[in-house]
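Subject: Structure for your study

Dear colleague,

Please find the structure below, together with its sequence. I would be grateful if you read the notes that follow with the structure open beside them.

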Protein chains: 2
Amino acid sequence: MSEINRQILLAQRPVGEPGPEVFEVNEAPVPEPGNGEFLVKVLYNSVDPAMRGWMNEGRSYIQPVQLGEVMRAGAIGRVVKSRNDHFREGAYVSGMFGVQHYAVSDGKGVIEVDPSIAPLERYLGVLGMPGMTAYFGLLDVGQPKEGDTVLVSGAAGAVGATVGQIAKIKGCRAVGVAGGQEKCDFAREVGFDDVVDYKAEQAGKGIKRACPDGVDVYFDNVGGEVLEGALARLRLNARVVLCGAISQYNNADSLQGPRNYMALLVNRARMEGFVVFDYAKRYGEAAQQMAQWIQEGKLEAREHVVDGIDDFQKHLMMLFRGENFGKLVIKVQNDD
Amino acid sequence: MSEINRQILLAQRPVGEPGPEVFEVNEAPVPEPGNGEFLVKVLYNSVDPAMRGWMNEGRSYIQPVQLGEVMRAGAIGRVVKSRNDHFREGAYVSGMFGVQHYAVSDGKGVIEVDPSIAPLERYLGVLGMPGMTAYFGLLDVGQPKEGDTVLVSGAAGAVGATVGQIAKIKGCRAVGVAGGQEKCDFAREVGFDDVVDYKAEQAGKGIKRACPDGVDVYFDNVGGEVLEGALARLRLNARVVLCGAISQYNNADSLQGPRNYMALLVNRARMEGFVVFDYAKRYGEAAQQMAQWIQEGKLEAREHVVDGIDDFQKHLMMLFRGENFGKLVIKVQNDD
């Protein structure tokens, strides 16, 4: 085992897009687990839009990452030394271990995962947070009914592609919005009935074309013009699920609200935010259901794996530039 | 009876604020009721923020007023000639009779009102649409719980003042937002616990001061900065009731959406629109409850009565300039 723990620290708070100066590679000694703790060798890191919010100072649903701290990230790893009765050496675990090679944990928020059921990286995708987000956001907040038109932005992303597939499973018409030919092809491949390429046509026009009878549920991952285009096409009693606003996260000075939000009034519709952590007690239910759908061939999972944490800033920017297909995951190191 | 029917027609579609050129005074013969119809002598017209929307072309919850048509308006009148079995001569009735001295109706959407229970103009206020709007918007959409902080904009208006009072009846803390000393005094008088004068202090700062523990229900009549200020102070699982956006109705080119709408996500909150007409079947229940509260001295009703329809445009602008205290009503003519 290497005695060095390679880490990515938050060195500065970004203004707008996080540049290379925002992060710093650090080498620290591999920590020793104390009583009740265990040491995890981190194998995969999740790269998520929410990371941008964690870098900002100020009130949100979770504390910001402090300057000089290891960048927060979901991860999968293997327990390599344990002084905790619940997590034995050799177990594979999922937790917020951060962007680093080794982490010590007391087991809080950590769950064991089974590499015989699915490849490890999938536990950061459909069987992890993005999957949970899609499941509870669509089913609990969006409440789709059979025959509804469900519109999803970020349709080629980890969350969006899953939302579209669950919508199809539930008997809805699924329409995706994505940027560029390749992502649209990907969205069609996973099962969307129609796709709007916002780089090829104005989002609002595309949504009107693809949803001629309007939108019953809009699952919003992006905000901005796509949100406005969706609001303009709401049906009576429509539900807008606010999951993210990636188009706005790096927008330092002129954050845009949806100018036509009063469409909610005209259509007796609602726009509702949610945070997946609130559903933690029901993750088991969702994971079981998703695993079953995967087994039945109804739900396709795909991960986009990139290599090494040293390029963490570049990996993160891939996400904001929309260069990933499916769940973006960093392979941190070999499992040896 | 005068043989002339004086009317206000929509002559042009306004861009921004409706100027005097938008309306036209017209004289027509008093119409004759056909079989199943009756003739109403209009006594009071309601002046409502929603009128601005009715003047625009295009899709909304109700058809726009056509050019050359009598301006749509809620009204109270007396049946002066009847060929309809349900509405006898001499009955006082409430309906959408328009801004004119006489109207013929087939009884659709018309209800009889009782001048012995309350003055006629009150049936355009607390016992009419504004009252119904306050009642269903707050109780059904906002779902306030005892101890909640309920924030209400347009707190000196017909709807807002009633929302605040119902919130108090339900055991909530009621905080109002209004413009200017007089309106704030009025809001305090009807029972708001605290009031923010957005002309004296920045709305967001005032809301923070007056709602130190945050906002559970925000009843929005105005949109704009006040909506943003409220969003910034939402508590977990808060409800934003979209009732109107009077600050934006005359905003021709640069409608503003709430830039911090993602507060809905962070706080797992929802923003929901409603249209009072959807509750038509339950108006009776609400009117009965409101009448009881008035009788018990828990609910104060106030109307602001102005004279004559010839100045309709000026009366309407009073509303947008926030010059009315309580429900704005036009006395159309004497009941003789």
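One definition is required at the outset: a residue is called buried if 20 or more other C-beta atoms lie within 10 Å of its own, exposed if 12 or fewer, and partly exposed in between. Please also keep in mind that this is a predicted model. Chain A has an average pLDDT of 92, and 96% of its residues score at least 70. For the model, ipTM is 0.80 and pTM is 0.83.

Two residues with a positive phi

Most residues other than glycine have a negative phi. B:Asn237, however, has a positive phi near 60°. This residue belongs to strand S12 of chain B, which covers residues 234-242. Is B:Asn237 buried, exposed or partly exposed? The count for B:Asn237 is 13 other C-beta atoms within 10 Å, and because a residue is exposed at 12 or fewer and buried at 20 or more, B:Asn237 is partly exposed.

A:Arg268 is not a glycine either, and its phi is positive, at about 50°. A:Arg268 is found in the loop between helix H7 (263-266) and strand S13 (270-273) of chain A. With 19 other C-beta atoms within 10 Å, A:Arg268 is partly exposed, because buried begins at 20.

The sheet

In which order do the strands of the open sheet stand? The sheet has 12 strands, with mixed pairing, in the order S10(A)-S9(A)-S8(A)-S11(A)-S12(A)-S13(A)-S13(B)-S12(B)-S11(B)-S8(B)-S9(B)-S10(B). Strand S10 (194-197) of chain A and strand S10 (194-197) of chain B stand at the edges; each has a single partner strand, so one side of each is left without a neighbour in the sheet. On average, neighbouring strands of this sheet are turned by 15° against each other, direction ignored.

Strands of a sheet pair through backbone hydrogen bonds, either parallel or antiparallel. Both arrangements can be found here. S13(A) and S13(B) pair in the antiparallel sense, over 3 bridges. As an example from this pairing, A:Arg270 has B:Glu272 in S13(B) as its bridge partner. Within chain B, S12(B) and strand S13 (residues 270-273) run parallel and are joined by 4 bridges. B:Val240 has B:Met271 in S13(B) as its bridge partner.

Helices also lie against the sheet. Helix H4 (residues 181-190) of chain B packs on the sheet and touches strand S9 (173-178) and S10 of chain B. The direction of H4 makes about 165° with that of S10(B). In chain A, helix H6 (residues 224-231) lies across strand S8 (149-153), strand S9 (173-178), strand S11 (215-220) and strand S12 (234-242), and runs at about 165° to S11(A).

The two chains

How can chain B be laid on chain A? A turn of 180° and a shift of 0.1 Å along the axis achieve this, with an RMSD of 0.0 Å. That is the relation of a two-fold axis. B:Gly257 comes closest to the rotation axis of the residues of chain B, with its C-alpha at 2.1 Å. The same surface serves both copies, since 100% of the contact residues of chain B recur in chain A.

The contact takes 24 residues from chain B and 24 residues from chain A. On the side of chain B that touches chain A, helix H7 (263-266) and S13 each supply at least two residues. The largest share of that side, 4 residues, comes from S13(B). The residues of that side divide into 14 nonpolar, 5 polar and 5 charged.

Two buried places

A:Gly95 lies in strand S5 (residues 92-95) of chain A. A:Gly95 has 21 other C-beta atoms within 10 Å and is therefore buried. Its contacts, leaving aside neighbours within four places in sequence, are A:Ala75, A:Ser105, A:Gly109 and A:Val110. A:Val40 is 55 residues from A:Gly95 along the chain, and their C-alpha atoms are separated by 9.8 Å.

In helix H2 (residues 129-142) of chain B, 12 of the 14 residues are buried, so this helix is largely enclosed by the rest of the structure. Among the buried residues of H2(B) are B:Met129, B:Tyr135, B:Phe136 and B:Leu138. H2(B) is followed by B:Gln143, which has a positive phi near 45°.

Yours sincerely

Notes. Residues numbered from 1 in each chain as written. Chains lettered and ligands numbered in written order. Predicted model: local features only at pLDDT ≥ 70, side-chain atom pairs only at ≥ 80, totals over all residues. pLDDT = per-residue confidence, 0-100. Pairing = 2+ DSSP bridges. Axes fitted to C-alpha atoms, helices over the stretch in contact; angles between N-to-C directions. Contact = placed C-beta atoms within 7 Å. Least-squares fit on C-alpha atoms with pLDDT ≥ 70 in both. Nonpolar A, V, L, I, M, F, W, Y, C, P; charged D, E, K, R; others polar.
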